[in-house]
Amino acid sequence: MGTAGTQTGAMKPPAKKKKTEDPELEPLCCCEYVDRTGERNHVAACLCDCQDLDEGCDRWLTCKSARPETCERILDTVSDRLRIPWLRGAKKVNISIIPPLALLPVFLHVASWHVLLGVVVLTSLPVLALWYYYLTHRRKEQTLFFLSLGLFSLGYMYYVFLQEVVPKGRVGPTQLAALTCGLFLILLALYRAKQNPGYLSNAASNDRSLIECLNKKGQEKTKGCPATEAAGSLNNRTPKDEPKGYSRTAAGSPAKVKEDWCAKCQLVRPARAWHCRICGICVRRMDHHCVWINSCVGESNHQAFILALLIFLLTSLYGIALTLDTICRDRSIFTALFYCPGVYANYSSALSFTCVWYSVIVTVGMAYIFLIQLINISYNVTEREVQQALRLKTGRRLLCGLILVQLLGVVKCSK
């Protein structure tokens, strides 16, 4: 017994020493991180040992085109190594949030140099944003670009307003307080809209009860199955509109419970719930996936999304009116927007006028989204159902895409 005790006591220190020598078990310092290959790396080695980058530079120097897969690997490597020092390891920075922070002030300052530069820059900005939207939407990827663009635009417009408009003395404390309050309300509504839109959880008990229901010999009654009630009665979906792996049966089939079975999430969806291919999860009463909040708009956050749009429109219009009244005095808002002589005489008024036009472009786009949402709500349809009707060619849009009509009238939801 004594010999065994001494042997076990002698064996413990080497095991403890081995644990401290293992690099994977040692705590990370503020500049270290575990990269995508599972190895420890350092922030200072961000440009070291990158074969894909070396290959791309060699092909560029020899005037050869880089391969698409090489460019993707370079972007993956850059996004993995772009980190900032943090406690217990460097934190990864999403590369999609950087372009708005770096390019938006530069573009707006360049646009304020001359009216022609302003026209070119303010025309190209929406085109670039739409191009990037279709690029990411086609790849079904999540991106923080538009959320970063929206938040930074709010902050930068407010900064220009404080630096260039308020010192001119035309804006009173009450007006500044109202504009500031509107900005905080926008952020609060966006925070609420970023919450859970109504994700469907995969309950194991519901799955087992569903399988038992489907395997019952007495298929004449499916009313007692708990998944049947969750499936709902909105049966106008088609297989071509869903990803692969979705089970479909006829409406009159005894196994009607399979109608809304999602093979991706392994659950039965209630009526009007859909699977978001970008988020990778089913959402209750899904309206659409909004890139401006980088989340879905569903049953739980639809009201907050509408409220955020409304507050933004009111605050933006109020800020535009205050700015135009300051830099283009004795003119109406609409006239000053198109004819404001002497606005490019000094840099301060030119930058304010450029920011006004940028705000107008963004406001018009948000007003279009807000109007479509109001029309959809008035007819009790979601944007997802509208897009499905257009895809199936059972409806068409009128009045610049604001209203969707069918052969038998306006599209309405059965429930």
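**A predicted model: its second pocket and its cysteines**

Tutor: In this predicted model, α5 contributes five residues to the lining of the second largest pocket, and no element gives more.

Student: Which elements give two or more residues to the lining of that second largest pocket?

Tutor: The second largest pocket holds about 620 Å³ of space. Its lining has 19 residues, and those closest to its centre are Leu75, Ile95, Ser96, Tyr132 and Glu141. The elements that supply two or more lining residues are α3 (68–81) and α5 (115–139).

Student: How many residues of each class, nonpolar, polar and charged, are in this lining?

Tutor: The lining of the second largest pocket comprises 19 residues. Sorted by class, they are eight nonpolar, six polar and five charged residues.

Student: Which cysteines form a disulfide?

Tutor: A disulfide requires two cysteine sulfur atoms within 2.5 Å. By this rule the count is one disulfide. The sulfur atoms that meet the rule are 1.6 Å apart and belong to Cys328 and Cys340.

Student: Why is this disulfide left-handed or right-handed, and which is it?

Tutor: The handedness follows from the torsion about the S-S bond of Cys328 and Cys340. That torsion is about -100 degrees, so the disulfide is left-handed.

Student: How many residues apart in sequence are the parts that the pair ties together?

Tutor: Cys328 lies in the loop between α10 (302–327) and α11 (333–338). Cys340 lies in the loop between α11 and α12 (347–378). The pair therefore ties together parts whose separation in sequence is twelve residues.

Student: Is Cys340 buried or exposed?

Tutor: A residue counts as buried under 20% relative accessible area. Cys328, with a relative accessible area of 4%, is buried. Cys340 has 11% relative accessibility, so Cys340 also counts as buried.

Student: What is the distance from the sulfur of Cys296 to the nearest cysteine sulfur?

Tutor: Cys290 is in no disulfide, the nearest cysteine sulfur being that of Cys296, 9.7 Å away. Cys290 counts as buried at 4% relative accessibility. Cys296 is in no disulfide either, and the nearest sulfur to that of Cys296, belonging to Cys276, is at a distance of 3.3 Å.

Student: What percentage of the residues of the chain count as buried?

Tutor: The chain has 13 helices and 13 strands. It exposes about 24,800 Å², of which carbon and sulfur atoms supply 63%. Of its 415 residues, the share that counts as buried is 38%.

Note on methods: Residues numbered from 1 in each chain as written. Predicted model: local features only at pLDDT ≥ 70, side-chain atom pairs only at ≥ 80, totals over all residues. Heavy atoms only, no water. Helix = DSSP H or I, 4+ residues; strand = E, 2+ residues; numbered from the N terminus. Buried < 20%, exposed > 50% of the residue type's maximum accessible area, 1.4 Å probe, protein only. 1 Å grid on protein atoms, 1.4 Å probe; cavity = no way out; pocket = protein on both sides within 12 Å on 5 of 7 lines; lining within 4 Å. Points joined across faces, edges and corners; volume = space filled by probe spheres on them. Nonpolar A, V, L, I, M, F, W, Y, C, P; charged D, E, K, R; others polar. Areas by Shrake-Rupley, 256 points an atom, 1.4 Å probe, with all protein chains shown as cover.
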